[in-house]
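Welcome, and please load the model in your viewer before reading on. We will go from stop to stop, with something to select at each one.

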Amino acid sequence: TVPRSKGLRDAEHQRASRIPSQFSQEERVAMKESLKGAIQIPTVSFNPGEFNTTALAEFGEYMHKVFPTVFRTSFIQHEVVGEYSHLFTVQGSDPSLQPYMLLAHIDVVPAPDQGWEVPPFSGLERDGFIYGRGTLDNKNSVMAILQALELLLIRNYIPRRSFFIALGHDEEIVAPGSISAGVRGTWGSEDLSPPPGKGCPARLHVDEGSFILDGFIPSLKKPFAMVSVSEKGSLDLMMEVNMTPGHSSAPPKETSIGILAAAVSRLEQTPMPNMFGSGPLKMTLQQLANEFSFPANVIFNNLWLFWPLVSRLMERDDITNALVRTTTAVTMFNAGIKVNVIPPVAQATVNFRIHPAQTVQEVLKLAKDIVVDDRVQFHVLEAFEPLPVSPFDDQALGYQLIRQTIQSVFPEINIVAPGICIAQTDSRHYTNLTTGIYRFNPLYLQPQDFSGIHGINERISVQAFETQVKFLFEFIQNADTEQRPVSHLHEL
Ligand SMILES: CCCCCCCC/C=C\CCCCCCCC(=O)N[C@@H](CC(C)C)C(=O)O
Ligand SMILES: [Zn+2]
Ligand SMILES: [Zn+2]
């Protein structure tokens, strides 16, 4: 017989202390109503320093109301940081185990009403879905983390491994030095070295930033779980052209608007180089190869030969294109003061998301080489290098805990693959604390759902939210292990 592997914990220990993730009908109704209530509080981040502070304060009170056990448990310390971020320190019974961190953010991007099937802050339930800004990005995680902890505490759970829950209030703001999450605020702004008494740096860290992906790659038969072990960098570049204003009845050959518009057009028409094969994507596809139908399975099992074809195919779709190159998005254009005045200044902002094989400086140089116009001034507003790749081998506790929890909560998912997050997350501020940074939201995501993130009709199914709570309920208990997990538990 196959020897019983210790796995994360021996079976006897598991049976003795494991709390089953079964919730009563009353608990299930209560958790979805709590999410609806959270969505109804418009915690919108507009620009640096421009938040809905009334809503953020209300949200803090709301958490106390819906999660009373969390707030009255003696081994849980709650701190408000930067006025509206929240840091929970959950003290485990075994101080020898390094803590971990669960990250989510309270703030959401604005949501104008137009295009929404229901008002974006109504939290209305329709056909099994809860609609609203923040249902996927990222109040679902805020509420699921606290809900799972509340349900565990009600069942007399006492953690062995300490952990932090950091709920930031300005994740959606790009601003130098902003407090992007409670832990940052508490543990110092830049060095992130915890002050005495705050325990060792976190051992692993789980944030938003990927999902169980369903339907993103043609010919991929089944959904798979992608755990983002890195994330792209970013460069927010403001381009500016200044000219002498004058009467529009005698205009120059080109105005500041025309010069800048031509420069922006050149940038849009000249994509950054395709970097397929020099980032985590190739590894993701190799792990998925046998999940594809013929002939894709032959192609992905022989990327040494077919990589030029695959790299071209990946360019066709906006999302998979974002995996093979640094993307260029012209997101703002401001110019002109009056219809009969030659515009003194034109400004355009470009949001680059940098592929892990490139650096901020390389992208900046490429952009200048594409614009090739000395009249265009370049101003870097904000820049982050692509993040290092977190370990995902059999010894990587964080990755294996996520994998193990996925396999127990989503038994139908048979592929868990490392990947890269095409967006930025607060986790980029924590590279000083740990190398084990993983981004995964335990939810199925289809392309049409992705368009709801920062878009219209953002929604989460009631079932998906309940499963997210279940995942965290299981993950927190799994994290109590003192052993390194065996990535492939032997079946008896
Ligand atoms: C090989 C398989 C295909 C992969 C498809 C990937 C589909 C997209 C999956 C995940 C994207 C993550 C989106 C959720 C996190 C977004 C967080 C966010 O909005 N961050 C802001 C932060 C900024 C500093 C304000 C951002 O703009 O990135
Ligand atoms: Zn987010
Ligand atoms: Zn977002």
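A word on vocabulary before the first selection: a contact here means heavy atoms within 4.5 Å. Keep in mind too that you are looking at a predicted model.

**The whole chain**

Start with a cartoon of everything. The chain holds 15 helices and 19 strands. If you colour by accessibility, buried residues account for 55% of the 492 residues. Taking contacts between residues at least 6 apart in sequence, 80% of them join residues at least 24 apart.

**Stop 1: two helices side by side**

Select residues 25-39, which form helix H2, and residues 139-154, which form helix H5. Their axes are 10 Å apart, and the helices pack at an angle of about 145°. Turn the view until one lies over the other, and you will find that H2 passes H5 in a right-handed crossing.

Now show side chains. Which residues of H2 meet H5? From H2 come Glu27, Met31, Ser34, Leu35, Ala38 and Ile39. Facing them from H5 are Lys139, Asn140, Met143, Gln147 and Leu151. By character, this contact of H2 with H5 is made of six nonpolar, three polar and two charged residues.

**Stop 2: the first zinc ion**

Select the zinc ion (ligand 2) and label the protein atoms that coordinate it. The donors are His105 through NE2, Asp137 through OD, and Glu208, listed twice through OE, at 1.8 to 2.5 Å. Along the sequence, these donor residues follow the spacing H-x31-D-x70-E. Two of them come from distant parts of the chain: His105 sits in strand E5 (residues 100-105), while Asp137 is in the loop between strand E7 (129-131) and H5, 32 residues apart. Both His105 and Asp137 are buried.

How would you describe the geometry: regular or irregular? The angles subtended by the four donor atoms run from 55 to 148°, so the arrangement around the zinc ion (ligand 2) is irregular. For four donors to count as tetrahedral, all angles would have to lie between 85 and 135 degrees.

**Stop 3: across the bridge**

Keep Asp137 selected and add the zinc ion (ligand 3). Asp137 bridges the zinc ion (ligand 2) and the zinc ion (ligand 3), and the two ions lie 3.3 Å apart. Around the zinc ion (ligand 3), the protein donors are Asp137 (OD), Glu172 (OE), Glu172 (OE) and His454 (NE2), at 1.9 to 2.8 Å. Their spacing along the chain reads D-x34-E-x281-H. Here too, distant parts of the chain are linked: Glu172 is in the loop between strand E8 (163-168) and helix H6 (182-186), and His454 is in the loop between H14 and E19, 282 residues apart.

Switch to a surface colouring for these two. Glu172 has a relative accessible area of 17%, so it counts as buried. His454, at 46%, is partly exposed.

**Stop 4: unusual backbone**

Next, bring up the backbone torsions. Most residues other than glycine have a negative phi, and most peptide bonds are trans. The following places depart from that pattern.

Begin beside the metal site. Asp137 and Asn138 are joined by a cis peptide bond, with omega about 5°. Asn138 belongs to the loop between E7 and H5.

Then jump to Phe294 and Pro295, where another cis peptide bond has an omega of about 0°. Pro295 lies in the loop between helix H8 (281-288) and helix H9 (296-300).

For positive phi, select Glu83, where the angle is near 75°. Glu83 is found in the loop between strand E3 (76-81) and strand E4 (85-90). Its relative accessible area is 62%, so Glu83 is exposed.

Finish this stop at Asn457, which has a positive phi of about 55°. Asn457 is located in the loop between helix H14 (447-450) and strand E19 (459-461). With a relative accessible area of 18%, Asn457 is buried.

**Stop 5: a threonine in a helix**

For the last selection, pick Thr320 in helix H11 (residues 318-324). Is Thr320 buried or exposed? Its relative accessibility is 7%, so Thr320 counts as buried. Leaving aside residues up to four places away in sequence, Thr320 touches Phe216 and Met314.

Conventions: Residues numbered from 1 in each chain as written. Chains lettered and ligands numbered in written order. Predicted model: local features only at pLDDT ≥ 70, side-chain atom pairs only at ≥ 80, totals over all residues. Heavy atoms only, no water. Axes fitted to C-alpha atoms, helices over the stretch in contact; angles between N-to-C directions. Helix = DSSP H or I, 4+ residues; strand = E, 2+ residues; numbered from the N terminus. Left-handed = near helix turned anticlockwise from the far one by under 90°. Nonpolar A, V, L, I, M, F, W, Y, C, P; charged D, E, K, R; others polar. Donors = N, O, S within 2.8 Å, 3.2 Å for Na, K, Ca; no water. Tetrahedral: all angles 85-135°; square planar, octahedral: opposite > 155°, others 65-115°. Buried < 20%, exposed > 50% of the residue type's maximum accessible area, 1.4 Å probe, protein only.
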